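Student: I'm new to this one and would like to learn how to read it. Could you put it up and start with what a contact is?

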Amino acid sequence: MRITTPTIGGRPEWGMEIGVIGLGRMGRIVADRLLADGHSVVAYDVDPETVAAAAEDGATPAESIPDLAEQLSSPKRIWLNVPAGDPVDAALEELEPYVDSDDIVVDGGNSNFENSIRRGEETDATYLDCGTSGGPAGAELGFSMMIGGPEWAYEELTPAFDAVATGPEGHDRMGPSGSGHYVKMIHNGVEYALMQAYGEGFELLANGRYDLDLEAVAHTWNNGSVIRSWLLELAEEAFREEGNDLGDVADYVAGGSTGTWTVQEALEQEVPVPLIYQALAERFASRATGDGKGRFSRRLANRLRYGFGRHEIARK
């Protein structure tokens with residue numbers, strides 16, 4: 001059941017105290033949105049300058065993970081925004097002496113759901129896995145968040161999720177530990193297929209029988225058509241900023257870990273996902289050519305990744 005937080009002037013009637021570990025692109029947005037909604041933030045990052053910048057915006061600085069944990073009142077509420085994999089385990093290990101089951105730790109990275117299941121079992125604190133979509137480009141609107149873990153912990157942190165997401169409708173509990181990152185993994189697989197479909201359509205338009213303004217095509221499609229979407233808005237932006245032929249944007253599409261996990265899970269569950277698999281294969285193929293030329297569809301995918309995630313654009 002969703003809890004509605006009492007508000008005064010649109011802000012929570014009471015503010016939560018939350019530790020934010022990791023102030024990269026996404027972590028800084030999490031901290032800023034929490035502060036803007038009236039919550040208190042204790043912030044730590046391996047880069048002292050990043051911590052100092054967050055402090056200027058109202059966060060309380062911490063010199064280390066133990067220092068952050070000691071500054072927080074009990075029960076502690078901590079939000080991790082560190083790279084998936086070993087950095088998450090390292091942060092949880094540093095937190096271990098300072099937390100127990102009454103405390104809550106949110107893993108806001110793109111962790112593999114199987115690691116999230118393990119962490120939910122092994123971590124002394126109550127662990128929530130939070131798949132996050134929207135990217136740095138969606139910071140002003142807030143994120144879409146898919147959360148796994150104990151229901152009581154999700155409900156306890158609802159005011160914080162309301163602040164960081166697009167609002168109460170921008171987040172929900174998916175199920176037990178691992179389910180949040182599982183849903184986000186498959187979300188990314190769907191994203192791969194959508195990018196591939198847009199890329200192939202525009203490749204045909206670019207090489208077809210008419211001399212078309214692709215920005216105008218994307219703009220028209222975005223106004224009332226069945227296939228309008230944020231990705232298509234980003235395609236329109238790409239043609240506007242890079243030109244009709246995408247300029248020097250290379251045929252090289254980075255990323256692929258969550259798509260690989262999605263295909264692996266599909267094989268294990270014996271569920272056919274040919275579109276997602278082909279989109280993943282196209283990414284791998286783009287890296288094999290190495291000449292920066294090649295398919296228009298891959299070049300558009302390269303540029304779209306910058307649009308939603310501010311990933312570096314590979315150029316010829």
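Tutor: Sure. Two residues are in contact when heavy atoms of theirs lie within 4.5 Å. One thing to keep in mind is that this is a predicted model.

Student: Let's try that on Val82. What is Val82 in contact with, leaving aside its neighbours within four places in sequence?

Tutor: With that stretch left out, Val82 is in contact with Ile21, Gly22, Pro87, Val88 and Gly109. Val82 itself lies in the loop between strand S6 (77–80) and helix H4 (86–95).

Student: Gly22 is on that list. Where is Gly22 found, and which residues does Gly22 touch?

Tutor: Gly22 is found in the loop between strand S3 (17–21) and helix H1. Beyond four places in sequence, Gly22 touches Gly27, Arg28, Tyr44, Asp45, Asn81 and Val82.

Student: How do I tell what is hidden? Is Gly22 buried or exposed?

Tutor: Look at the relative accessible area: under 20% means buried, and over 50% means exposed. Gly22 has 7%, so Gly22 is buried. Val82 has 15% and therefore counts as buried as well.

Student: Which residues does the UniProt annotation "binding site" cover?

Tutor: According to that unreviewed entry, the annotation covers Gly22, Leu23, Gly24, Arg25, Met26, Gly27, Val82, Pro83, Ala84 and Asn110. Of these residues, Met26 is included in the lining of the second largest cavity.

Student: Cavities, pockets... how does anyone find empty space in a protein?

Tutor: Rolling a probe the size of a water molecule over the atoms shows where empty space is left. In a cavity the probe fits but cannot get out, while a pocket is open.

Student: How many cavities of 30 Å³ or more are there in the whole structure?

Tutor: The search finds two. The largest has a volume of about 80 Å³, and the second largest about 30 Å³.

Student: What lines the largest cavity?

Tutor: Its lining is made of Tyr192, Met195, Gln196, Val253, Ala279, Glu282, Arg283, Ser297, Arg298 and Ala301. Helices H8, H12 (274–289) and H13 each supply at least two of the lining residues. Sorted by class, five are nonpolar, two polar and three charged.

Student: And which residues line the second largest cavity?

Tutor: Met26, Val30, Trp79, Asn81, Gly108, Thr132, Phe143, Met145 and Val164. In that lining there are six nonpolar residues, three polar ones and no charged ones.

Student: Now the open kind. How much space lies in the largest pocket?

Tutor: About 1,000 Å³. Its lining has 40 residues, and the closest to the pocket's centre are Met26, Asn110, Thr132, Lys184 and His311. Met26 and Asn110 also appear in the UniProt annotation, and Met26 and Thr132 are in the lining of the second largest cavity too.

Student: Which element gives the largest share of the pocket lining?

Tutor: That is H8, with seven residues. Other elements supplying at least two residues each include helix H1 (25–36), strand S8 (126–133) and helix H10 (230–242). By class, the lining divides into 13 nonpolar, 21 polar and six charged residues.

Student: What about odd backbone spots? Which residues does a cis peptide bond join?

Tutor: Check the omega angle along the backbone. The cis bond joins Ser74 and Pro75, with omega about -5 degrees. Pro75 lies in the loop between helix H3 (65–71) and S6.

Student: And phi? What is phi in Leu246?

Tutor: Leu246 has a positive phi of about 65 degrees, although it is not a glycine. You'll find Leu246 in the loop between H10 and H11, and its 0% relative accessibility is why Leu246 counts as buried. Arg310, in the segment after H13, also has a positive phi, near 55 degrees. With 33% relative accessibility, Arg310 counts as partly exposed.

Student: One last stop: Ser225. Which backbone oxygen lies 2.4 Å from a polar atom of its side chain?

Tutor: That of Trp221. Ser225 is found in the loop between helix H9 (214–221) and H10. Its relative accessibility is 16%, so Ser225 counts as buried.

Key
Residues numbered from 1 in each chain as written. Predicted model: local features only at pLDDT ≥ 70, side-chain atom pairs only at ≥ 80, totals over all residues. Heavy atoms only, no water. 1 Å grid on protein atoms, 1.4 Å probe; cavity = no way out; pocket = protein on both sides within 12 Å on 5 of 7 lines; lining within 4 Å. Points joined across faces, edges and corners; volume = space filled by probe spheres on them. Helix = DSSP H or I, 4+ residues; strand = E, 2+ residues; numbered from the N terminus. Nonpolar A, V, L, I, M, F, W, Y, C, P; charged D, E, K, R; others polar. Buried < 20%, exposed > 50% of the residue type's maximum accessible area, 1.4 Å probe, protein only. Polar contact = N/O pair within 3.5 Å; in protein donor to acceptor, adjacent residues only side chain to side chain. UniProt positions renumbered as here; feature names shortened; annotations may be inferred.
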